[in-house]
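Below are my comments on the model, arranged as numbered points so that each can be checked against the coordinates. Please read them with the structure open.

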Amino acid sequence: MDSSRSHHRFSNLLYLFVLLFSNLLTFLLFSSSSSSCPPCPSSTTTATVAACATTAASASSSNADASLPAEFVAFTSAQPLPFGHNPNMGSAEIHPPAGLACPRFPDDLAAFMSYPVNGSCPDDEPLAQRLLLRGCEPLPRRRCRPAAPPDPAAPLPLPDALWTLPPDRSVHWSAYSCKSFRCLVDRRRSPSFDDCKDCFDILDGSRERRRWVAPSDNPLDFSIDDVLLAADPVGSVRIGLDIGGGSGTFAVRMRERNVTIVSTTMNLNGPFSSFMAARGVVPLYLSVSQRLPFFDNTLDLVHSMHVLSNWIPTTLLHFTLFDIYRVLRPGGLFWLDHFFFVEPQMGEYVPVIDCVGFKKLRWEVGRKLDRGPELREMYISALLQKPLKNSW
């Protein structure tokens, strides 16, 4: 009896050993990556070749990366900014998500995560945004309460809120050089540089009040009404996204036309998110490197003005355009509004846009002349459509 039990126990152990060995062998045979250089945009420019070379080097830099899918490595690898160090980011390169870049900045990360549990968060919006812009996205959650206005004002009712400056008491101002909305409006006349420095002026007669609705002789300036008429069928644009929505005027104009737009924004020396919310439209606090938080084939319209331009690394731009394609429904519209570049870059960016697979409904190229023709600055404005059929 004992001999029989021993034999049975030995047989079970032998079977378990064979099973584990076969599983380990299968894992070793099939887990290795088959590509050392992920596909790059089909362009022969120096910048594109350099981007592919950088990606290949990153993919082979460690044994851990070698076991990851090549496209994942390409997307999460550090990418140098075309114009070097960016003061908003505090870095010369961008680290796309998902959150993998956080440990690369241990000092900032330690400061961000140092707080009394169940207490008040540090008043550290600039630090949090700097981490986010460098690819620490999404930011880690924290168990603390953020700073808020000491005497917050109630939101204005709609529709009054759409075109009225909010009360100053609706914003916690510590992170910004301006401490009132009047200061933000007046800085449009300041010679210093600030992102979208005139877009807080939503008063009568301002440029922001005319944007996308006033008649223009410039073919680069598409109007909202013309874009909505281009939808097939007319009236099928109901929901969408504005990438880099500034102070929310695009979303407000769409709301007036019964279209719901949410906008991505960053608070670059101004309370853009708070200003949008006070106007009654939805801000998403996302950088351009994050995967869009929408399911495939859901949005009727994606719009971007100025944000998608030549400051973005070419490989990251390629990923972003495909992500826009992903979230648009078949037949959905992508409005690329004033894409900025310089003339020698035309051969780099046009193939990157073309290869995604959009149908061109409208395509305008023009010169940006306000700083002088010798700079050879250019814009592309395009209305692109995701195909109704065979869009994969």
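1. Arg 371 is exposed, its relative accessible area being 52% (buried is under 20%, exposed over 50% and partly exposed in between, with a 1.4 Å probe and protein chains only). The model is a predicted one, in which local features need pLDDT of at least 70 and side-chain atom pairs count only at pLDDT 80 or more, while totals for chains, interfaces and linings use all residues. Residues are numbered from 1 along each chain as its sequence is written, and side-chain values rest on heavy atoms, with hydrogens and water left out.

2. The partner of Arg 371 is Glu 377, with which it forms a salt bridge whose closest N and O atoms are 2.2 Å apart (the rule asks for a side-chain nitrogen of Lys or Arg within 4 Å of a carboxyl oxygen of Asp or Glu). Glu 377, at 4% relative accessibility, counts as buried, whereas Arg 371 is exposed. A network built from salt bridges with shared partners joins Asp 225, Arg 253, Glu 256 and Arg 257.

3. Within that network, the side chains of Arg 253 and Glu 256 meet at 3.0 Å, N to O. Here Arg 253 is the buried partner at 12% relative accessibility, and Glu 256, at 36%, is partly exposed. The count of salt bridges by this rule comes to 23.

4. Which parts of the chain does the salt bridge of Arg 169 and Asp 151 link? The two side chains meet at 3.4 Å, N to O. Both residues lie in the loop between strand S4 (144-145) and helix H7 (181-186), 18 residues apart, and the pair is reckoned as linking distant parts of the chain (helices, H or I of at least four residues, and strands, E of at least two, are DSSP runs numbered from the N terminus). Arg 169 is partly exposed at 43%, and Asp 151 is likewise partly exposed at 48%.

5. The largest nonpolar core has 37 residues, and those with the most contacts inside it are Val 302, Leu 308, Leu 317, Ile 324, Phe 334, Phe 339 and Phe 358 (a core is a set of buried Ala, Val, Leu, Ile, Met, Phe, Trp, Tyr and Cys residues joined through side-chain atoms within 4.5 Å). Among the elements that each supply at least two of its residues are helix H6 (125-133), strand S8 (299-305), helix H12 (314-327) and strand S9 (328-342). H12 gives the largest share, 6 residues.

6. Ile 324 shows how this core is joined: apart from neighbours within four places in sequence, Ile 324 is in contact with Ile 243, Leu 292, Val 302, Leu 308, Phe 334 and Phe 358 (contact means heavy atoms within 4.5 Å). A second, separate core of 33 residues includes Cys 199, Ile 224, Leu 333 and Leu 383.

7. The structure holds 14 aromatic pairs (rings of Phe, Tyr and Trp, the last by its six-membered ring, pair if their centres lie within 6.5 Å; planes under 30 degrees apart count as stacked, over 60 as edge-to-face and the rest as tilted). The rings of Phe 334 and Phe 358 have centres 5.5 Å apart and planes at 40°, so this pair is tilted. Phe 334 belongs to strand S9 and Phe 358 to the loop between helix H13 and strand S10 (359-367), 24 residues apart. Phe 334 is buried at 0% relative accessibility, as is Phe 358 at 12%.

8. Phe 339 and Phe 341 also form a tilted pair, with ring centres 6.1 Å apart and planes at 45°; Phe 339 is buried at 1% and Phe 341 at 0%. Ring pairs further link Trp 173, Tyr 176, Phe 181, Phe 200, Phe 272 and Phe 275 into a cluster.

9. Helix H11 (residues 272-279) is mostly covered, with 6 of its 8 residues buried, including Phe 272, Phe 275 and Arg 279. The cover over its buried residues includes H7, helix H10 (249-255), strand S6 (260-264) and strand S7 (282-284). Arg 279 lies over the face of Trp 163, 4.8 Å from the ring centre (the rule takes NZ of Lys or CZ of Arg within 6 Å of the ring centre and within 35 degrees of the ring normal).

10. Gly 280 follows H11 with a positive phi near 95° and lies in the loop between H11 and S7. At 28% relative accessibility, Gly 280 is partly exposed. Leaving aside neighbours within four places in sequence, Gly 280 is in contact with Leu 158 and Arg 255.
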